Amino acid sequence: MATLRSILTTGKRRTRLLCVLFGGLIFVVTALQIWNTFHLNNTQGIITDDCSITRDSLVCKFGKAWDTSGKHTDSAKEVKHIAFLKAHKVAGSTVMNLFMRFGYSRNLTFVLPKNSKNVISQHGYLNDRDIHPQIDQGRFDMLCHHVVYNQSAWQRYLHKDAFYVSIIRDPFDQFLSSFHYFRKVWGVPYLHNITGEFPMTELLRHPERHEPKLPAYSFTNNRMALDFGFPPSLFDNPLPEQITKYISYLDSSFHFVMIKEHFDESVVLLKHFLSWTMKDILYVRQNTISFYRLHHDIQPGDRELHRQRAPLDYALYEYFLLRFWKQIRQQDAEFHREVLYFKHLRGSVETFCRHVFMKDIGVFETNHNQWHMPFKVTKEDCYLIMMNENDFSVLLKRKQYPYLQPTSESRYGPKRSRKRTPRRLLPPHRPNIFKEPL
């Protein structure tokens, strides 16, 4: 007792003991939370994959530990007409891969850019001169490439029953990612030419020195709002009542707006809206930057300045974030369990796909459970899941417009007269359109 009293009354020892006790308490609470999250009262214990070696190949059957409440049957009619607004630097490339895989496997038609692999227009509306024509003069099934939103323009090319969907993210994080990507990767002049130790802070403090005069040519001035087609007058004079009016118009136009910060919840909810399968929404992250490094350039006051500079983006994000959570609350209690299942399934499939190219490890198999029918992920599936948007766009273009394939005569025949304008051709066919991501 005397020793204990001495420890408790000694300053340094007392502080050390309290730190140890507090740290131990945090560890125990964290461990219990992790156990409770993954156990989920499952009588079969911790989530596991049932893997076995068959003829020197690894075969995994996933999902057995989750099979606790009935079997799933894919009975609803899947939605095949999609209008996806691909905004900049909001995880749009990852979502785009879902739509391109779905359409490719079902022979659907896409609105495809004529002058670029992955961009219809950075600052203009959908029009004939920027896209390849529909072969049978009908309407396209899917749109998922970059183009500014305009409802009347989109309706001219898409089916009347198209499902309108997009994705947004926290405006400052979107700005941060966009600034670094278009400055360092694309070398956009107005961003690349900003000098100094903290160029992003310089742009926020003095946008009049650097931002393009026309907002349509900026990647950092309310860019999400620009992609969503906000009226140009609001960029110069952001009147609250006019902003609210346009967001109400978007609310009536878009069936679903995903949130990047809650990506897995978004894609599972998308699966429900579209009546797709669990395999259809599997993904690996596309076109990402090591985001933790970007935060080293943030200076005190940058976030507050950006909120002042980007009122349209913040109004857009805050409105649809609230609508997103309203849609989440309308789901039943099993929705969150399904999301947790999907997180584990997706992570296992990504691990499988990142190793399948290095050696023969068979296929990834899933069990029949309450969320999906059994399915397999093969090496060919992994090619598509991991294919970047440029290569996938070329693949779709080759399939949808085979007449654009270069022929031996056009490649090696006599040169055309200079007076004739040669027809725009795709790059020469590569032996393997699927780039192995190693």
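**Entry 1: strand β3 and its partners**

I began with Leu85, and in this predicted model I found that Leu85 stands opposite Ser166 in β5. Following that pair outwards, I noted that β3 and β5 pair in the parallel sense and that four bridges hold this pairing.

I then turned to β4, and there the pairing with β3 is again parallel, over two bridges. For Ile82, I looked up the bridge partner in β4 and wrote down Met142.

Which way do the side chains of β3 point? I saw that Ile82 and Phe84 point one way, whereas Ala83 and Leu85 point the other way, and that all of them are buried.

**Entry 2: the whole sheet**

I next asked myself in what order the strands of the sheet are arranged. I recorded an open sheet of four strands in the order β4-β3-β5-β6, with parallel pairing. Since β4 (142-143) and β6 (256-259) stand at the edges and each has a single partner strand, one side of each is left without a neighbour in the sheet.

I also followed the chain from β3 to β4, and I noted that β3, α3 and β4 make a right-handed β-α-β unit. Helix α3 (residues 92-105) lies across β3 (82-85), β4, β5 and β6, and I wrote down an angle of about 160° between α3 and β3.

**Entry 3: strand β6 and Met258**

I moved to the edge strand β6, which is joined to strand β5 (residues 163-168) by four bridges, the two strands running parallel. I looked up two of the residue pairs here: Ile168 stands opposite Ile259, and Ile167 has Met258 as its bridge partner.

In β6 I noted that Phe256 and Met258 point one way while Val257 and Ile259 point the other way, and that all are buried.

Is Met258 buried or exposed? I found a relative accessible area of 0%, so I entered Met258 as buried, the limit for that word being under 20%. Its contacts, once residues up to four places away in sequence are set aside, are Val95, Val165, Ser166, Ile167, Ile168, Ser266, Val267 and Leu270. I also checked Arg323, which is 65 residues from Met258 along the chain, and the C-alpha atoms of the two are separated by 9.9 Å.

**Entry 4: the nonpolar cores**

I wanted to know which residues have the most contacts inside the largest nonpolar core. That core has 96 residues, and the ones I was looking for are Phe99, Leu126, Trp154 and Phe230. The largest share of this core, eight residues, comes from helix α16 (residues 334-355). Apart from it lies another core, of 18 residues, and I listed Phe172, Leu176, Tyr190 and Leu305 among them. I added a general reminder for myself, that in soluble globular proteins nonpolar side chains tend to be buried together.

I took Trp154 as my example and, leaving out residues up to four places away in sequence, I found that Trp154 touches Ala83, Phe84, Leu85, Leu126, Leu143, Val147, Val148, Tyr149 and Tyr164.

I then looked at Ala153, which is found in helix α4 (residues 151-157). I entered Ala153 as buried, because its relative accessible area is 2%. Beyond its neighbours within four places in sequence, Ala153 is in contact with Tyr125 and Leu126. Asn127 is 26 residues from Ala153 in sequence, and I noted 7.2 Å between their C-alpha atoms.

**Entry 5: helices α17 and α18**

How many residues of helix α17 (residues 379-386) are buried? I counted six of the eight, so this helix is largely enclosed by the rest of the structure. I wrote down the buried residues as Asp381, Cys382, Tyr383, Leu384, Ile385 and Met386. When I looked for what covers these buried residues, I found that the cover includes α3, α16, β8 (376-377) and α18.

I ended with Ser393, which lies in helix α18 (residues 389-400). Ser393 is buried, with a relative accessible area of 1%, and I asked what the side chain of Ser393 reaches. I found the backbone oxygen of Lys117, at 3.1 Å. Not counting residues up to four places away in sequence, Ser393 touches Met96, Met100, Lys117, Asn118 and His145.

Conventions
Residues are numbered from 1 along each chain as its sequence is written. This is a predicted model: local features need pLDDT of at least 70, side-chain atom pairs count only at pLDDT 80 or more; totals for chains, interfaces and linings use all residues. Side-chain values use heavy atoms; hydrogens and water are left out. A nonpolar core is a set of buried Ala, Val, Leu, Ile, Met, Phe, Trp, Tyr and Cys residues joined through side-chain atoms within 4.5 Å. Buried means under 20% relative accessible area, exposed over 50%, partly exposed in between (1.4 Å probe, protein chains only). Contact means heavy atoms within 4.5 Å. Two strands pair if DSSP finds at least two bridges between them. Axes are lines fitted to C-alpha atoms, for helices over the stretch in contact, and angles run from 0 to 180 degrees between N-to-C directions. A polar contact is a pair of N or O atoms within 3.5 Å; within protein, one must be able to donate a hydrogen and the other to accept it, and residues adjacent in sequence count only if both atoms are side-chain atoms. A crossover is right-handed if, with the strands pointing away from the viewer, the path from the first strand over the helix to the second runs clockwise.
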